[in-house]
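Here is a short set of exercises to work through with the model open beside you. Try each task before you read its solution.

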Amino acid sequence: MSNILKTTKCETEEQNTGMANEKEKGAASNFMRISSYRPDASSDNRIKNTKYSLVSFLPLVFWQQIKEPASFLFFIIMLLQANKTLAIGHFVSSLTPFLFVFFLSIFNEGMDDYKRYKRDNFVNAELFKKYVFGRKLKDSGETSESEEKQPGFRCTLLKKENAYKFAPVKSELIKVGDIIKVSKGQKFPADCILLNCNDENGELFIRTDQLDGETDWKRRQCCIEFPTSEDELVADVEKPHKDIYAFAGKLVQGEMRKSLDLDNTAWTDTVAATSDAVGLVIHTGFQTRAKMNTYLPRSKTGLIDKEINGFVTLLIFVCGLCAIAFSAMRITTLDLAAVVIFVRFVILFSYMIPIALKVTIATGRMAYATYVDKSIVVRNTNIQEELGRISFFLTDKTGTLTQNEMLMKKIHLGINSYDEHEFRELKEILRKFALKKRMGREMKQLSQKVFDLVEALALCHSVTPVETEDGIDLQASSPDEVALVEFVRRLGVELISRDRNSLKIRYVHRKNKKGEEGEEVVEAINMDYKIHHIFPFNSDTKRMGIVLERDDGSFVFFEKGADTTMSKIVKENDWAEDETDDMAREGLRTLLIAKKELTKAQFEKFDEMYTEAKLTLNNRQQNMYDAQRKLEKGLDLLGLTGVEDKLQDQVKETLESLRNADIKIWMLTGDKNETAISIAKSSRLLSKTDRYLVISGCTTEIEIREKIDLLKKKKFNALVIDGVSLAVILSPKNITKVKGKERNFLLEEFIEEAKGLTALIGCRYTPTQKAMMAASLKELAGETVLCIGDGGNDVSMITEADTGVGIEGKEGNQAALSADFSLKKFCFVTELLFYHGRACYVKSAGLAQLTLQRAFIVTILQGVFSALIDCVPLSIFQGYMSSMFILFSCFPVLTLYKGCDITKTVALKYPELYKELRMSNKCSLKEFITSILVAYLQAVVISIGYMLVLKDKELHFYSVIVFTSAVINEYITTLLFNSRPRLITIAVIFGSVVSFIIASQLFTEFHIGAFTLLCFVPHMILINFLAASVLIALKLYHRYLNPASHIKITKY
């Protein structure tokens, strides 16, 4: 969490300077020079994601195997068994289970690393084309059968008369300074400056879904101004850094130079979507943006693992106590023999620390992942049990609760408001304006306003029509943009074409007069615009602008953006704020649209200032932003748009089920307060009876404390808090050191009050703030936190949570790939928690108790046996018996993984059962002690029973009979594990019994005479029945005298 706090501190400082993307660009030392004549031979584009080498593989896997306390103790005991003086049983009995677990780890780790090795080889061996300069080709004498004639990068890549050469090159051999060709549909193997593509205007669309999680194509501009490919290209670019949204550089060839920005680049793992492309490599390998932003997920450990490790630590302590107690009864003098006796007793009682526990749980988890429904993808098998213990549910809004499918619902022009049912009226007003019909003054003003707004919406965007196999597809950086362009198309204004220099729209409308045959006459008016400057939308400016020149020579500046930003820029008005709030309360996403007509002199002045700012290397972004701010003065507000983002399927029912399960739901979004509150109400996250407190715009600690005091009075059961107020709570200024530990008392006080609320709505949150909320809640509240989202901005929150769930949404698969579990739809989360989570938690807890119970029975039997022989450290199970016991008892357990204690229908119908499960804590100290007591009683029954029956028999006979009864007791316990034994369990137990009978004839440890053994069968049945009756009584008590709710529901 401290790392996140440091990140927030950096972000706060950057925001205070006004430019969050300006990272260490103030000095020339932050730039590097690249030459196409002298590629950097030291640069390495080889990708290596393997964890091990041939040398390190075995040592590292071995360390992973023994680093846990229980595994380390078992390893030491195994080594001690190699000494004949200390050995209790056969060395192979200790070696076999250790090697089994070790080789299982080798297999799993080896297969995983081999898959990584294969993926790396596939990526490194992928072929691209590298430009080979003419003189270099002649000097080196390089030839290749696969070598082909290709045009220079200044051409369209299609002119065959050009004799320049492209030679094949593997991805791993690409160097900084190389000029490479990437085919359409191929990923860029390195960070590149785009030089050319098939488009005559140099426009290239790239797909970035594997980089930033966004599925919308991005438009890039190639540097087609450079005329020749044989002259040296020199680029001054930034040194490698993580920011994928910022770039500054300069490209020089002879006397020609060009300033570079993000639009001239293509980062590694982006795909050339529309044509082939040629680029100059500027960063390779792990210095590329993609690799530097590769988020290494933290290793997550489930709560059940921590609880089991705690039990194992306690058992190690008990093992030591038992060894001390029995040694004290045997030792008479403190000498070397005393040490040998103590060590032998430690080895004897180490049975209570089962190495099989780790194997049982790990195998179970792999089985759970295969049994899960196809609508759920398990990406992290280690924390499946956490799904049954979720207390807090943190969710994104857009694309998670909503569909991320935008539809224009409302427009406000300052004087009139139109909803979707009145858009035909707008179309008619626009038609009359185009026909220049006579109309009154007010109507004329309204028509002009409608035209100005429609013109702005049709032009001020990043949408580009792209030809695909299915027709014309509109591509943009945001679905909001597409919704606006689709809206004006419904009014008759259609986007025809767009390139880096021009925009063309067509207005099609119906004329009043009829044709010769009585059909309607349709007129199409084409309008051409020249693009001079574009100011892209980003999270800092929260607005997008464009400077255009009409075909009549006039200049215009359009801008649109969030109300919080635009309200400070546009001319003063008395309606925008109220109308924005009204639309937000209806759950609509709002944008303010503005315009400024420019004279030629105004345009030329700005153009000169902005062009000069773009050519600077130091503080370029800030200089460009300052020039933009000057142009924005005096903007006329044209109107307000409201776009709806519909709810996902069954969102209301899903959230209601989660609340009925007593899971606290927090919705964290980047949207404005009113929109978030509206969505919370429409999704029933906030009910009509909920009383919520709004904390918005607080900038001081005093204001925050006043709001927290209101929460303490318990008058509110829900909270709405915005990012500005949260920043005050999370501020590093609040951190103080107490006894060497950093603490934020304001944050602790806030979490203490917030965790008791039924719901929390977070608005205007950054991705880092989302992650910090998850980290704070997890650490300070001590509860299990689940985070769910669908976009790249949710990844940090998802990876920070105890359990991260990603939805495969319209914003890409980055969230789903980074999550522990991924879903097709939000509504599947109830099945994930209530059924799959329950099954994993109940099964793992039960299997852990079963394994520990088995170990304790053996330990107690060993203790009784030692007491019978005057505390001599001698094992009750001689030779290979210990290995046989594990072998004969493990296979029936493997059949218990599938299924759940209740049906899926019951689990989904009664979400209250989830609350009961979470509160019961299946791995509590109480359950642990209960298992030990059951094991103790069963072992006592078996020990005393055979002591009475086998008075005159030798110890070897006693050992074999007790061993047989212990195996039978294990089979009975396995059958009683589920409420109804499964057929496969019975079949495996039958096979194990047959195997045991065969083994008893092969190994001398079991040779006591078949007839003698048959004589004791009635006694064995009676003793095992009495031992099993302890467990049967406990089962009957829980079923009839103290039944859980799910038993009552299933029964009645």
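**Exercise 1. Find how many cavities of 30 Å³ or more the whole structure holds, and list what lines the second largest.**

*Solution.* Step 1: a search of the whole structure gives four cavities of 30 Å³ or more. Here a cavity is a set of points, on a 1 Å grid over the protein atoms alone, where a 1.4 Å probe fits but cannot get out, and lining residues have an atom within 4 Å of a point. Grid points are joined across faces, edges and corners, and a volume is the space filled by probe spheres set on the points. Before going on, note that this is a predicted model: local features need pLDDT of at least 70, side-chain atom pairs count only at pLDDT 80 or more, and totals for chains, interfaces and linings use all residues. Residues are numbered from 1 along each chain as its sequence is written, and side-chain values use heavy atoms, with hydrogens and water left out.

Step 2: the second largest cavity has a volume of about 50 Å³. Its lining is made of Phe 311, Ala 848, Gln 849, Leu 852, Lys 922, Cys 923, Ser 924, Glu 927 and Phe 928.

Step 3: assign the lining to helices, which are DSSP runs (H or I, at least four residues) numbered from the N terminus, as are strands (E, at least two). H26 and H30 each supply at least two lining residues, and the largest share, three residues, comes from H26.

**Exercise 2. Which residues are closest to the centre of the second largest pocket, and which helix gives the largest share of its lining?**

*Solution.* Step 1: the second largest pocket holds about 1800 Å³ of space. A pocket is an open set of grid points with protein on both sides within 12 Å along at least five of seven lines.

Step 2: 49 residues line this pocket, and Lys 922, Phe 977, Lys 1035, His 1046 and Ile 1047 are the closest to its centre. Lys 922 also lines the second largest cavity.

Step 3: among the helices that each supply at least two lining residues are H29 (912–920), H31 (955–975) and H35 (1045–1051). The largest share, nine residues, belongs to H34.

**Exercise 3. Check the length of H27 and say which of its residues are buried.**

*Solution.* Step 1: the expected span of a helix is 1.5 Å times one less than its number of residues. For the 14 residues of H27 (881–894) that gives 20 Å, and the end C-alpha atoms are 21 Å apart, which agrees.

Step 2: buried means under 20% relative accessible area, exposed over 50%, and partly exposed in between (1.4 Å probe, protein chains only). In H27 the buried residues are Met 881, Ser 882, Ser 883, Met 884, Phe 885, Phe 888, Ser 889, Pro 892 and Val 893.

Step 3: look for Phe 888 again in the largest nonpolar core, where Phe 345, Leu 861, Phe 888, Tyr 946 and Phe 963 have the most contacts among 67 residues. H26 (829–868) gives the largest share of this core, 11 residues. A nonpolar core is a set of buried Ala, Val, Leu, Ile, Met, Phe, Trp, Tyr and Cys residues joined through side-chain atoms within 4.5 Å.

**Exercise 4. Describe the surroundings of strand S30.**

*Solution.* Step 1: five of the five residues of S30 (718–722) are buried. Ala 718, Val 720 and Asp 722 lie on one side, with Leu 719 and Ile 721 on the other.

Step 2: strands pair if DSSP finds at least two bridges between them. S30 pairs in the parallel sense with S29 (692–695) over four bridges, with Val 720 as the partner of Val 694. Five bridges join S30 to S33 (759–763), also in parallel, and there Ala 718 is partnered by Ala 759.

Step 3: S29, helix H20 (701–712) and S30 form a right-handed β-α-β unit. Right-handed means that, with the strands pointing away from the viewer, the path from the first strand over the helix to the second runs clockwise.

**Exercise 5. Is Arg 764 buried, partly exposed or exposed, and what about Cys 871?**

*Solution.* Step 1: Arg 764, in the loop between S33 and H23 (767–780), has a positive phi of about 55°. Its relative accessible area of 24% makes Arg 764 partly exposed.

Step 2: Cys 871, in the loop between H26 and H27, has a positive phi of about 60°. At 8% relative accessibility, Cys 871 is buried.
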